[in-house]
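Biologist: Can you walk me through this one? I'd like to go chain by chain and then look at where they meet.

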Amino acid sequence: MTEIQDILLEHQQHYLSQWLQFVLLDQEGKILDSNHSFADLKHLYGQSIYQFNPFLESIQSVIEALDEHQSELFFPRMEIPFWGKDGVFDYTIKRIQRNNQIFYLWIVEDNTAHNQYLSLVQQERNDTYIQNELLQLKTQNQLLKEEVEKQTADIQAQKQLIEKQKEDILDSIRYAQRIQNAILPTQKKLAQVSFETMIFYRPKDIVSGDFYWASQVGNKAIVAVADCTGHGVPGAFMSIVGQNMLQTAINAQKITSPKQMLESLDKQMLQLFENDDRVHDGMDIAILTIDNQENSITFAGAKRPLYFIREGSFQEIKGAPYAIGGHHVVHGKNFVEFTLQIQPNDIFYICSDGYADQFGGTEDKKFMLKNFKNLLLKIHHLPFALQQDILLDNLLSWQGENKQTDDILIVGLRF
Amino acid sequence: MQSISKKVILIGNFGVGKTSLTRQFVFQKFADEYLTTLGVKIDKKTLIINDIEANLIIWDIAGEVSQTKVPKSYYLGANGIIYVFDLTRPSTFKHIAEDLDYIKQMLPNVPYIIAGNKKDLLTEEQLQETIPQLPLPCEYLTSAKTGEKVEDMFYDLTKKMISK
């Protein structure tokens, strides 16, 4: 009995089955025998099956690697036409060794009918699963969209509310600005004094913590520049307080001495806030009294200096190292005043610290006092209107994209 | 000219378009109707790359939620892998990393490509929202419907297989 007959006898049930086709191959894949349940392969006997069948071609190396340990492969549900016959087939490939010869038995089982039901179930399952997932996603997206729309509407409403509130606050502040401006000395009042004046005034916000003051008392003119704690609305409140106290000192207490004025202001300020330990606000101030009869100018300062330029030379008289109000000083505040005889073409400047403290330049630093003084020296001989233009140009150029750091006030007097 | 045969398997979740990608690549055809694959469909296409005739035998394997459910015999002898997911369905790309780890154990050193299919169903904005959600970088965003990047993807994989 040949080896092939032996194998065929062993797999007789395959050979006789109308549902199974088996194909016997030699070691190289040449067709040796086959029953003909689905296809007659007689004309291919002796030829390599790998050249006719892509399935086997693609796993030739796997078939050839079968051995006694793993001698069988099973491929369920192969949806590949078998020599023209459509269907769903289960493939089994067995390695068979007879004596020293290797054979491969390819068993093809037609399970088309059985798989038809499976196919329907699987199609239904997959369709349902996909539809559910897509529906769920659509619902989620819709909910997300609605949530985003709701949040956007909420944000929009909040934005509108904030804008309205901001506009209301700005309206109030703008109105406060009108009040503050009304309190500041008018051009008419400034024109009453016997010397030329310059006011360079740039609040950081709409209202300012810096203020200037001018008053004529008999033959004396009083000019002051104050820098109250903070800026904006709190600064503006303090400036009103400061102006009120100056009024009291000059009109009610009839004081014209700058030193006495500082003492009065300090006393009033400390008294005002003595009941509230949380408030340590105050102001820095420079006060000048110009005596027209004596042709003299008297200066006293609380943390603010007097700059003056005489015959091209820049001079400075420092103020006392204490602010008005704020904290009590153990041994009292010792304010002093200085009197100078006015000479023709003398120019005096009193100011807040805003200009020198402005941040900017290429390295985003303060403008600094040294540069500020040099600038005043450089422009002092020019008409005040031109000085104002130069001060503004220089400030904006230094400031660049930066915001204004603080309120700025410079008052110049020319004799 | 040298002629070689390479088994390419397309795997991934069901309904992601593996059969459509194969049909587009082999026959330049597309059908909107979804017909589930039960087991394996096999198609063949020859590409010529650098004077080599590469006969691609493409195994379009039925999609499963997890690759562990696919009969192991389907993977045997594969020379290249295309992992396909559906850009419109997050469930199909949630487990890419685990699936690929599993497959790499069986097919170490076999080149693979990750393809996000059904690009035609997404707007550019939706696409930009989806890409960051992918657990692994996706090399090809394809459309079996329009044919976008389909041929490129198979060419790229073939080059990788040849250079192995």
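Biologist: What share of chain A is buried?
Modeller: Buried residues are 33% of the 415 residues in chain A. Keep in mind that this is a predicted model.

Biologist: And how many helices and strands does chain A have?
Modeller: Chain A has 10 helices and 18 strands. Of its contacts with a separation of 6 or more, 61% join residues 24 or more positions apart.

Biologist: What does UniProt annotate at residues 134–168 of chain A?
Modeller: The unreviewed UniProt entry labels residues 134–168 of chain A "coiled-coil region". In the model, that span is 100% helix and 0% strand. Its end C-alpha atoms lie 50 Å apart.

Biologist: Which element holds A:Gln180?
Modeller: A:Gln180 is in helix H5 of chain A, residues 112–183.

Biologist: Why does A:Gln180 count as buried?
Modeller: Because A:Gln180 has 20 C-beta neighbours inside 10 Å. The cut-off for buried is 20 or more.

Biologist: What is A:Gln180 in contact with, leaving aside neighbours within four places in sequence?
Modeller: A:Val207, A:Ser208, A:Ala236 and A:Ser239. As for A:Ile240, its C-alpha is 7.6 Å from that of A:Gln180. Those two are 60 residues apart in sequence.

Biologist: Switching to chain B. In what order do its elements run?
Modeller: From the N terminus, β-α-β-β-β-α-β-α-β-α. That is 4 helices and 6 strands. Buried residues make up 43% of the 164 residues in chain B. For contacts in chain B with a separation of 6 or more, 73% are between residues 24 or more positions apart.

Biologist: Is helix H1 of chain B mostly covered or mostly open?
Modeller: Mostly covered. H1(B) spans residues 18–27, and 7 of its 10 residues are buried. The buried ones are B:Lys18, B:Thr19, B:Ser20, B:Leu21, B:Thr22, B:Gln24 and B:Phe25.

Biologist: What covers those buried residues of H1(B)?
Modeller: The cover includes strands E1, E2, E3 (52–61), E4 (80–86) and E5 (112–117) of chain B. Helix H4 (150–162) of chain B is also part of it.

Biologist: Which residue follows H1(B)?
Modeller: B:Gln28. Its phi is positive, near 55°.

Biologist: Now the cores. How many residues are in the largest nonpolar core?
Modeller: The largest nonpolar core has 63 residues. A:Trp106, B:Ile9, B:Leu10, B:Trp59, B:Ile61 and B:Ile82 have the most contacts inside it. E3(B) gives this core its largest share, 6 residues. Another core, of 56 residues, lies apart from it. Among the members of that other core are A:Ile255, A:Phe308, A:Ile309 and A:Ile379.

Biologist: Back to B:Leu10. What does B:Leu10 touch, not counting residues up to four places away in sequence?
Modeller: B:Leu10 touches B:Lys18, B:Leu21 and B:Thr22, which are among the buried residues of H1(B). B:Leu10 also touches B:Ile58, B:Trp59, B:Asp60, B:Ile61, B:Ile82 and B:Val84.

Biologist: Last topic, the contact between the chains. How many residues does each chain put in?
Modeller: 19 residues come from chain B and 24 residues from chain A. On the chain B side, strands E1 (2–12) and E2 (40–49) each supply at least two residues. E2(B) gives the most to that side, with 4 residues.

Biologist: How does the side of chain B that touches chain A break down by class?
Modeller: There are 7 nonpolar, 8 polar and 4 charged residues on that side of chain B.

Note on methods
Residues are numbered from 1 along each chain as its sequence is written. Chains are lettered from A and ligands numbered from 1 in the order in which they are written. This is a predicted model: local features need pLDDT of at least 70, side-chain atom pairs count only at pLDDT 80 or more; totals for chains, interfaces and linings use all residues. Two residues are in contact if their C-beta atoms, placed from the backbone, lie within 7 Å. Ala, Val, Leu, Ile, Met, Phe, Trp, Tyr, Cys and Pro count as nonpolar, Asp, Glu, Lys and Arg as charged, and the others, Gly among them, as polar. UniProt positions are given in the numbering used here, feature names are shortened, and annotations may be inferred rather than shown by experiment. A residue is buried if 20 or more other C-beta atoms lie within 10 Å of its own, exposed if 12 or fewer, and partly exposed in between; C-beta atoms are placed from the backbone. A nonpolar core is a set of buried Ala, Val, Leu, Ile, Met, Phe, Trp, Tyr and Cys residues joined through C-beta atoms within 7 Å.
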